Amino acid sequence: MNHRTALGALHIGALLFGLTGIFGKLAASASPAIIVFGRAAFAVLALALFASTVGPGWQRLSGRDIRRLLLGGVLLAGHWGSFFIAVKVGGVAIATLGFASFPAFTVILEGVLLRERIRRNEGVLVLLVSIGLVLVTPSFDLASEATGGLLWSLLSGLLFSLLSLTNRAGSGRLPAVQAALWQNLVVVLCALPIAASGLGTVAPLDWLWIALLGVFCTGVAHSLFVASLAVIKARTAAVVFAMEPIYGIAMAWVVFAENPTPRMLLGGVLIIFAIVLSSRLAAAQAPKQRALADSA
């Protein structure tokens, strides 16, 4: 895979991730729990196929690895469940933009849980995302569907931030595809007791949407992301994946006629700008931090 191919794979992966809310809403007869169960089950099949063909060798799991994967799977199940509730309640655009706030949650959690100093650029990120979320919210009436959808999507972003910190603690120990596969297996086990009673009521067409969600928006998208990182720098990947909300909102506009208001568009621009700016600044600081560590 050369640089151009890897960059194309990244954009395809971002597009597929952006379609997550679209397929979730298309599966109209399926509850969020059933969507989560189906997505994880089909993702396991796709990831297992990828790992068995071109993926790296599997590592033996230690007790710490198992505990971390279990926690990660529970957080992933909660993240997906709250996101699809947000899609059902508030629509794809609000759910996608609310979830896009997760970098701000990550900054705050790193400061609170890991006692890491919040740098000035990270404070600006939190401020811009906060302003963007205020603009995205049509009203602050808790009884309104839009506000309810945004709150569920914020919970989704918070849980994803906790998942990111959990995966960060174990980064480098296990191949990313192996970790994702085991976490999706945990999601299947978490969602099955809730989803089991309704599995027989899901329309065949909705199973198609859930299968596409699991295979393409999870398994294929994750595999493309992992494969492209062998060629593309992480800073470039972060900027490309900031396009995910744009793809999601654009597709919701076309498929469901979810026309974003100018205020919502402005809020979305602020959130995406904050993500891109943060990734750029973080990438610029990384060489300095490595140089200080080498000189210590």
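In this predicted model, helices α4 and α5 meet through His79, Phe83, Ala86, Val87 and Gly90 on the α4 side and Val92, Ile94, Ala95, Thr96 and Phe99 on the α5 side. Sorted by class, that contact has seven nonpolar residues, three polar ones and no charged ones. The axes of α4 and α5 cross at roughly 145 degrees and come within 7 Å.

Helix α5 also has a second partner. Spanning residues 92-99, α5 packs with α12 (residues 244-256) at an angle of about 175 degrees, the two axes being 9 Å apart. An angle over 145 degrees counts as roughly antiparallel, so that is how α5 runs relative to α12. On the α5 side the residues involved are Val92, Ala93, Thr96, Leu97 and Phe99; on the α12 side they are Glu244, Pro245, Gly248, Ile249, Ala252 and Phe256. Here the tally is eight nonpolar, two polar and one charged. Val92, Thr96 and Phe99 turn up in the contact with α4 and again in the contact with α12.

Stepping back to the whole chain, the secondary structure amounts to 13 helices and zero strands. Read along the sequence, then, the pattern is simply α-α-α-α-α-α-α-α-α-α-α-α-α. Of the 296 residues, 47% count as buried. The accessible surface comes to about 14,200 Å², and carbon and sulfur atoms hold 70% of that. As for how the chain folds back on itself, take the contacts between residues at least 6 apart in sequence: 88% of them join residues at least 24 apart.

What about the inside? The largest nonpolar core has 36 residues, and the members that touch the most others are Ala30, Ile35, Trp80, Phe84 and Val187. Quite a few helices chip in: α1 (3-18), α2 (20-26), α3 (32-53), α4 (63-90), α5, α8 (145-169), α9 (176-195) and α10 (204-228) each supply at least two residues. Helix α4 gives the most, with eight residues. Leaving out residues up to four places away in sequence, Ala30 touches Ile35, Lys88, Val202, Asp206 and Ile210. Apart from this core lies another, of 21 residues, with Leu97, Leu133, Leu135 and Ala146 among them. Leu97 is also one of the α5 residues that meet α12.

A few single positions fill in the picture, starting with the polar side chains that are tucked away. Ser161 sits in helix α8 and is buried, because its relative accessible area is 0%. Beyond its neighbours within four places in sequence, Ser161 is in contact with Phe102, Phe105, Thr106 and Leu109. Gln178, in helix α9, is buried too, since its relative accessibility is 2%. With residues up to four places away set aside, Gln178 touches Trp58, Gln59 and Leu61.

Helix α3 holds Ala46. At 15% relative accessibility, Ala46 falls under the 20% cut-off and therefore counts as buried. Not counting residues up to four places away in sequence, Ala46 touches Val215 and Gly219. Ala46 also pairs up with a distant stretch of the chain: 176 residues separate it from His222 in sequence, yet the two C-alpha atoms are 9.9 Å apart.

Similar long-range pairings show up elsewhere. Gly8 belongs to helix α1 and counts as partly exposed, because its relative accessibility is 31%. Its C-alpha atom is separated by 9.5 Å from that of Leu224, 216 residues away along the chain. Ser197 lies in the loop between α9 and α10. With a relative accessible area of 71%, Ser197 is exposed, whereas Ser161 is buried. Between the C-alpha atoms of Ser197 and Ile34, the separation is 9.5 Å, with the two positions 163 residues apart along the chain.

Key: Residues are numbered from 1 along each chain as its sequence is written. This is a predicted model: local features need pLDDT of at least 70, side-chain atom pairs count only at pLDDT 80 or more; totals for chains, interfaces and linings use all residues. Side-chain values use heavy atoms; hydrogens and water are left out. Axes are lines fitted to C-alpha atoms, for helices over the stretch in contact, and angles run from 0 to 180 degrees between N-to-C directions. Helices (H or I, at least four residues) and strands (E, at least two) are DSSP runs, numbered from the N terminus. Angles under 35 degrees count as roughly parallel, over 145 as roughly antiparallel, 65 to 115 as roughly perpendicular and the rest as oblique. Contact means heavy atoms within 4.5 Å. Ala, Val, Leu, Ile, Met, Phe, Trp, Tyr, Cys and Pro count as nonpolar, Asp, Glu, Lys and Arg as charged, and the others, Gly among them, as polar. A nonpolar core is a set of buried Ala, Val, Leu, Ile, Met, Phe, Trp, Tyr and Cys residues joined through side-chain atoms within 4.5 Å. Buried means under 20% relative accessible area, exposed over 50%, partly exposed in between (1.4 Å probe, protein chains only). Accessible areas come from the Shrake-Rupley method with a 1.4 Å probe; for residues, only the protein chains shown count as cover.
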